[in-house]
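User: I am new to this structure and would like to learn how to read it. Could you take me through the main features?

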Amino acid sequence: MNRSMTVLSAALGLVLAAGAAAVPASAATTAAPRQGYVASSYEGSAAEQANNEAFYEAVMKSALAKQEATPFLKAVTVTYDPSSAPSFAGEIARSAQIWNSSVRNVQLRAGSNADFRYYEGNDESGSYASTDGHGGGYIFLDYSQNEKYDSTRVIAHETGHVLGLPDHYSGPCSELMSGGGPGTSCTNAYPNSREKTRVNSLWANGLAAAVPAAG
């Protein structure tokens with residue numbers, strides 16, 4: 001099935017009915033790339049990096065608030081809602097599986113009361129991660145870009161922003177956060193050892209903050 005034929009309005013209608021906090025802009029109203037999956041050596045502006053950090057912080061805050069109810073868990077669970085990106089359901093699930101097998105201090109689970117959401121549609125900026133700055137965030141998946149690049153890699157890359165990783169487009173294919181830098185032939189969807197260590201470190205600190213010290 002050609003993803004470009006999927007009707008975005010239906011997906012957005014479901015989200016609006018559910019009262020989602022953040023809804024992606026259409027291609028017509030999107031002015032510039034935002035942490036997108038870029039085939040370039042460009043490392044991103046300070047504003048894009050700030051947006052990336054805000055998304056991570058918003059998701060962590062939401063996940064840790066829920067974690068307080070189950071402090072005995074050894075990993076923070078981040079809940080995502082894939083319902084507004086049905087064309088990419090398989091790739092989203094695969095991306096979550098990759099991250100869950102790669103890191104130990106945070107785990108991704110599909111479910112309601114989500115910490116972030118996935119959307120799909122057409123956007124000249126390509127795929128990107130974004131936050132509204134008030135605890136609501138989303139990942140937008142562009143049809144044409146996901147036909148050009150490996151979708152699982154694109155989604156795993158954008159999910160890396162949720163977990164706190166910045167873009168590094170000049171990196172090699174073995175580096176997930178190099179995004180589209182290595183070109184369309186790169187299909188690696190796994191974070192490298194440095195990226196795994198960074199995510200584990202970020203979420204270990206969050207877990208420590210969520211679990212009160214004994215005594």
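Analyst: We will go from the overall makeup to the sheet, the helices and the aromatic rings. Keep in mind that this is a predicted model.

User: What does the secondary structure of the protein come to?

Analyst: The protein has six helices and five strands. Along the sequence, the pattern reads α-α-β-α-β-β-β-β-α-α-α.

User: How much of the protein is buried?

Analyst: Of the 215 residues, 50% are buried. The protein exposes about 9,500 Å², and carbon and sulfur atoms supply 56% of that area. Contacts add another view. Among those between residues at least 6 apart in sequence, 69% join residues at least 24 apart.

User: Now the sheet. In what order do the strands lie?

Analyst: First the general idea. Strands of a sheet pair through backbone hydrogen bonds, either parallel or antiparallel. Here the order is E2-E1-E3-E5-E4, in an open sheet with mixed pairing. Strand E2 (106–110) and strand E4 (128–131) stand at the edges. Each has a single partner strand, so one side of each is left without a neighbour in the sheet. From one strand to the next, the twist averages 25°.

User: How many bridges join E3 to E5?

Analyst: Five bridges join strand E3, residues 116–121, to strand E5, residues 137–142. The two strands run parallel. For one bridge, look at Arg117: its partner in E5 is Tyr138.

User: Which strands does helix H3 touch?

Analyst: Helix H3 (residues 89–102) packs on the sheet and touches E1 (76–84), E2, E3 and E5. The direction of H3 makes about 160° with that of E2. Helix H5, residues 151–162, lies across E2, E3, E4 and E5. H5 runs at about 165° to E5.

User: What span should the 14 residues of H3 have?

Analyst: At 1.5 Å a residue, H3 should span 20 Å. The end C-alpha atoms of H3 are 20 Å apart, which agrees.

User: Which residues of H3 are buried?

Analyst: Start with the geometry. An α-helix has 3.6 residues a turn, so residues three or four places apart point the same way. In H3 the buried residues are Glu91, Ile92, Ser95, Ala96, Ile98, Trp99, Asn100 and Ser102.

User: On to the rings. How many aromatic pairs are there?

Analyst: Rings pair if their centres lie within 6.5 Å. By this rule there are nine aromatic pairs. Take Phe88 and Tyr143. Their ring centres are 6.3 Å apart and their planes are at 15°, so this pair is stacked. Phe88 lies in the loop between E1 and H3, and Tyr143 in helix H4 (residues 143–148), so the pair ties together parts that are 55 residues apart in sequence.

User: Are Phe88 and Tyr143 buried or exposed?

Analyst: Phe88 is buried, with a relative accessible area of 0%. Tyr143 is buried too, at 1%.

User: What kind of pair do Tyr128 and Tyr138 make?

Analyst: Their ring centres are 6.1 Å apart and their planes are at 65°, so the pair is edge-to-face. Tyr128 sits in strand E4 and Tyr138 in strand E5, 10 residues apart. Tyr128 is buried, with a relative accessible area of 0%. Tyr138 is buried as well, at 5%. Recall that Tyr138 is also the bridge partner of Arg117.

User: Which residues do ring pairs link into a cluster?

Analyst: The cluster consists of Phe55, Tyr80, Phe116 and Tyr118.

Key: Residues numbered from 1 in each chain as written. Predicted model: local features only at pLDDT ≥ 70, side-chain atom pairs only at ≥ 80, totals over all residues. Heavy atoms only, no water. Pairing = 2+ DSSP bridges. Helix = DSSP H or I, 4+ residues; strand = E, 2+ residues; numbered from the N terminus. Axes fitted to C-alpha atoms, helices over the stretch in contact; angles between N-to-C directions. Contact = heavy atoms within 4.5 Å. Buried < 20%, exposed > 50% of the residue type's maximum accessible area, 1.4 Å probe, protein only. Areas by Shrake-Rupley, 256 points an atom, 1.4 Å probe, with all protein chains shown as cover. Phe/Tyr/Trp six-rings, centres within 6.5 Å; stacked < 30°, edge-to-face > 60°. Expected span 1.5 Å × (residues − 1).
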